[in-house]
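Notebook open, coffee poured. I wanted a look at the ligand site and the space around it.

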Amino acid sequence: MRCDQTQAWTALQAHADLFGGFDLRTAFAADAQRAQTLSQTAPFVFADLSKNHTDTATEALLIELARQTGLAAHRDAMFRGERINNTEDRAVMHWLLRQPEGSLTGELAAPLQQVHDTLKPMLAYAESIRADAQITDVVNIGIGGSDLGPQMAVLALQDFVIPGKRFHFVSNVDGHELAGVLKGLKAENTLFLIASKTFTTIETMTNARSALGWFQSQGGTDVALHFAALTTNVAAAAEFGIRTTFGFWDWVGGRYSVWSAIGLPVAIAIGAQGFKDFLAGAHAMDQHFQTAPLAANLPVRLGLLDVWYRNFLNYTSRSMAPYHSALRRVPAYLQQLEMESNGKRVDRHGQAVSYETSPVLWGEPGTNGQHAYFQMLHQGTDVVPVEFMAVKKSTHNLANHHELLLANVIAQAQALMLGQADEGGHKHFPGNRPSTFLLLDELTPASLGALIALQEHRVFVSGSVWGINSFDQWGVELGKVLAKDIHARMLSGDAKGLDASSAALLQRVRGH
Ligand code: F6P
C-alpha cells in the first residue's frame, strides 16, 4: 500500500503533531537509559541514535509503517533476485557481488558463480599490476558511480594502499582535469582503467579517446598492457581497441558498482585480500539487513528515521560529517547514492507522489566543517540532522591529534543538542538539534565495506517506504540529450529555435 494511504502514516502524522514540543534535553533527563536504548551495534559499526528527535514510541510507529508498506517483503524480493527495478526490468543484485562463492542454491547459484568467475581473474590481474614495478600510475577514467565509489574507497583506505603506485581519478569532461593528470605521467609507467557501465557516457569516452591519443603521442604502442576496461558493454570496449576487459551485469546499478569490476582500482591499491575483506564487510551488513528484526535492524532504523524527518518533521536536508580526513569523499559518494536513488517524484507505477522524497545530502569532513557551515547548524533557522562518522583508532603517531579530533566530534553532537540558553541574542544557541553518531573501531577494508553497505540499505529502506524505484535514474537523460544538441550548435553556430537566453549564451561563448 502507498505509504500515505496507510493507517501508520495517519498515526505518525498525529504523533508528529504532539512531537512539536519534543526536547532532547528533557528526554535525556527523563530517561537515564535513553542513550543505551537507542544505540546499537551492527557489523563493524556502533550507532548512537539517541540524540535524534525520536524515541521508542516513534520508532514503533515507524516500524508499523514499514510493515504496512511491505518493506521486509520488498527487501526479500531484492535478495531473491526479483526484477524490482521495474522501469528498467532488472533485478537489483549489487549484494550478490559480495556473497561468498557457492553460498547460494537455486536460480541465484549460476549468477553467483559468474560473479566469482569474474572476480578471480580480476583480482589476479590486480595482483599482477601490483607486482609490475613499471606501472607507477593508475588512472581511473569514469564518472558518477564509475568514479565516486573507487575514488572514495582508495582514499579511505590510504593506509592499505601499495607504496610506489599513485592513483588518479579523472571524471569531468573538462579537459583541465585530464590534462592536469597527464602532465605528471609517463606513458610507459601508466595504466588507464576505462570505467563505464554503459561504455557510452560522453565524458568517459571523450577522456578515454584523449588518453589514448596522449599515450600514442608519447610513443606508446602496447594498448593491451596500458589500457583495461571495466564495463557491462564488453563489445564496445573491444571496438575501442581494449583487449583487457572485466565485465559486470545490468543488475548492478552504477552507484552500487564499487563491489564489481568498477572496484578494480581499489583491488590494485589494497590487494586481492584487501578487496575480499571489503566485500566481506559489506556481506556481513547484508546478513544483518536480511535477518535482524526490524526494530534492531540498523539500516531499517536509519531509513525510517529519514522518512520521519522528511515527511513528518519536514527537515529538508541531512549533513554528513565524517570525522576522518580519509573519509572526505564519503559525502560526495553518498550524495549520488541517495539523491540519484531517491530523488524521485513518481512512485514505482509512475504516479506522482504527494509527499516529499530524498533529502538533500551535503557535507564535508570534520573538523573542517566546524569552521565553515556549522554556524548555520548551530544557530541557523533550519534544523538540519547531522550524521557524524568517526573512527576510534588512528593510524598515525602524531600525539594528541586523534584525541582532539574525537573530542571535537563528540562535543559537536553535544553542542547541537544542549545549546546554550543563558546567553541571549547572537550568543544564544537554541540546541535540541538532532544528530546520529556512527563509530567504527578502526578504518579497514572490512569496516568501510560494512559502512557503505549500511548506507546502501538505509537508502533502500526509505525508497521502499516511499514506494519509488530507487534503482533507475531517468532524470539524468534530458540534460544529456540537450547537451548533444547544443554541442552540435556550438560547431554550426545555428541558434534557430533556442530560447533567447540559451541562444545568447551560445553566441557569447562562440565569441561573436
Ligand atoms: O548519468 C548518470 C549515470 O548514468 C550514473 O547513474 C552512472 O553512475 C554514471 O552516469 C556513469 O555511467 P557509466 O558507468 O555507464 O559511464
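My entries below start at the ligand and work outwards to the pocket.

Entry 1. Reminder to self: this is a predicted model.

Entry 2. I began with the neighbours of the ligand. There are 14 residues around it, and S146, S196, K197, T198 and T201 come nearest. Sorted by class, that shell has 9 polar, 3 charged and 2 nonpolar residues.

Entry 3. Next I went through polar contacts from side chains to ligand oxygen. In S196, a side-chain N or O atom lies 2.6 Å from an oxygen atom of the ligand. For T201 I also read 2.6 Å between its side-chain N or O atom and a ligand oxygen. The side chain of T198 has an N or O atom 2.7 Å from an oxygen atom of the ligand. I then checked how covered the ligand is: on its own it has 390 Å² of accessible area, and the protein covers 88% of that.

Entry 4. Where does the ligand sit? The space it takes is the largest pocket. I noted a volume of about 1200 Å³ for this pocket.

Entry 5. Then the walls. I get 36 lining residues for the largest pocket, with I143, T201, E203, V476 and K480 nearest its centre. So T201 turns up twice in my notes: among the residues nearest the ligand, and among those nearest the pocket centre. The lining splits into 15 polar, 11 nonpolar and 10 charged residues.

Entry 6. Which helix gives the most to the lining of the largest pocket? I found α18, with 6 residues. Helices α9 (202-217), α14 (330-342) and α18 (477-492) each supply at least two residues of this lining.

Note on methods:
Residues numbered from 1 in each chain as written. Predicted model: local features only at pLDDT ≥ 70, side-chain atom pairs only at ≥ 80, totals over all residues. Heavy atoms only, no water. Near = heavy atom within 4 Å. Polar contact = N/O pair within 3.5 Å; in protein donor to acceptor, adjacent residues only side chain to side chain. Areas by Shrake-Rupley, 256 points an atom, 1.4 Å probe, with all protein chains shown as cover. 1 Å grid on protein atoms, 1.4 Å probe; cavity = no way out; pocket = protein on both sides within 12 Å on 5 of 7 lines; lining within 4 Å. Sits in = over half its atoms within 2 Å of the grid points. Nonpolar A, V, L, I, M, F, W, Y, C, P; charged D, E, K, R; others polar. Points joined across faces, edges and corners; volume = space filled by probe spheres on them. Helix = DSSP H or I, 4+ residues; strand = E, 2+ residues; numbered from the N terminus.
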